Each structure stands twice: as C-alpha cells, then as structure tokens.
Amino acid sequence: MRILVVEDDETVRSYILKGLSEHGHTVEQVGSGRDGLFMAATEEFDAIVLDRMLPPPDGMTILKTLRASGIQTPVLILSALGDVDDRVEGLKTGGDDYLIKPFQFSELMARLEVIAKRHNPRQSAETTLKVADLELDLQKHKVTKNGQTIEFQPREFRLLEYIMRNRGKLVTRTMLLEQVWDYHFDPETNVIDVHISRIRSKIDDKGKASFIETVRGSGYIFREN
C-alpha cells in the first residue's frame, strides 16, 4: 500500500515509518497539519494515518476538509484522547477507525489493512498474482516458481507485486521510484536496475526470455511468457 502518515511527534512517526517500510509499504510522512492536508488532497493513497492533535490545522479539521471535498481515502485516527465521546467524534467526522496512543504496531497494521480492504474490496479479493508458473501470494507474502518457494526481500517483493499488477503495461522508472521506494527525485539512481537484476536471477529460466522486459529510456514491462 501507499500510506500517508501525518504525525508531529518525530519518535512516533519514525516508529510507524520503520514498521510500515519493513512490511514493504510505501510511506509519505509529514509533521504538520498544513502539509498533511496538502498531501492528502493532492495525491492518491491507499490509507492515511492521521494524528488528531497537530499543529494547525488539527486532525479533525483535516478530516472534515477531505470528506467535504469528496476525498474518501481510508483514515486511521491516532490520538491520546481515548474517551468514548472523543472516539465517536472521530468516527462521525469521517474517520474509518480510531486507535488510542500508546499502541502496538501490530494493531496499527491490522487496522490499516482492514480499512484499506473495506475501501477497495475488488483489490483485496485478489490474494494471488500468477503468470505462467510464477505465483505471488499476497497473504502469505511468498513467491513460488513451479511450486518451489523463492526467498524475496520485502522491497523485492513489493517491486515484483507492482509490476505484476501492471503486467502488459509500461511501468516507468519514476512510477517505481514513487510507488516502491517513495522517492520523488534522482531518476538516475541505479537502485531499480539492481533490484530488477536480482528479481530476474530468481524468477527467469535460463535460455528463455525474461519475464521483465527493459524498454530502453522508459522503464519495464512484465510479459506473460
């Protein structure tokens, strides 16, 4: 998933970023209400983690503005305010879920997955991606080739998932940097080439064309061999 984290506490923000990144998700992080509102209103995300008490505008104001603008991105509210009235207000304002601080990351991750699936049931129903004898299991976070499990690092898994979801289409380097690495700069970096090379070495058959075709100067296309 591509997730926006709006949290002014740097320690909490870093904790969430580390956990989400380790799970292979792409994360945008901001520390103020103003930046959070701008990002949420101008870019597409699968979910938003929104602190309630932010430098102006606060979380509730951001949420009201988004919903009034017709933006229905799932929002998980984080707050130290845990009274029933506080939670009810957050949900009535348009929050999809409400998590009280302090929290365990495992619970935050589970709640994010639930609200994201609820928002996009078609995509959540797709639990495996399969091309020829290559299969990517999204629930078990496992890749198999001809029934044999292949070890994948989280970033490699996310990259393979993204290009398999877009199989047959050109995926540009910029798209990969933004969706998989959360980069919005340095398009000349070789990080993509290195990871593509690793993935090819794991999934391609010797003597056969690669699943991943390089389109010189543009990006890659995942072919159905």
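Visitor: How is accessible area obtained here?
Guide: The Shrake-Rupley method gives it, with a 1.4 Å probe. The model is predicted: local features need pLDDT of at least 70, side-chain atom pairs count only at pLDDT 80 or more, and totals for chains, interfaces and linings use all residues. Residues are numbered from 1 along each chain as its sequence is written, and side-chain values use heavy atoms, without hydrogens and water.

Visitor: What area does the protein chain expose, and what share of it do carbon and sulfur atoms supply?
Guide: The exposed area is about 11,800 Å². Carbon and sulfur atoms supply 48%.

Visitor: How many of the 225 residues, in percent, count as buried?
Guide: Buried means under 20% relative accessible area (1.4 Å probe, protein chains only). By that cut-off, the share of the protein chain is 45%.

Visitor: Which residues have the most contacts inside the largest nonpolar core?
Guide: Such a core joins buried Ala, Val, Leu, Ile, Met, Phe, Trp, Tyr and Cys through side-chain atoms within 4.5 Å. This one has 28 residues. Those with the most contacts are Leu-160, Leu-176, Ile-203, Ile-212 and Phe-222.

Visitor: Which element gives this core its largest share?
Guide: Helices (H or I, at least four residues) and strands (E, at least two) are DSSP runs, numbered from the N terminus. Elements giving two or more residues include strand S6 (128-131) and helix H8 (173-181). The largest share, six residues, comes from H7.

Visitor: How many residues are in the second, separate core?
Guide: Val-27, Leu-76, Phe-103 and Phe-105 are among them. The count is 19.

Definitions and conventions:
Buried means under 20% relative accessible area, exposed over 50%, partly exposed in between (1.4 Å probe, protein chains only).
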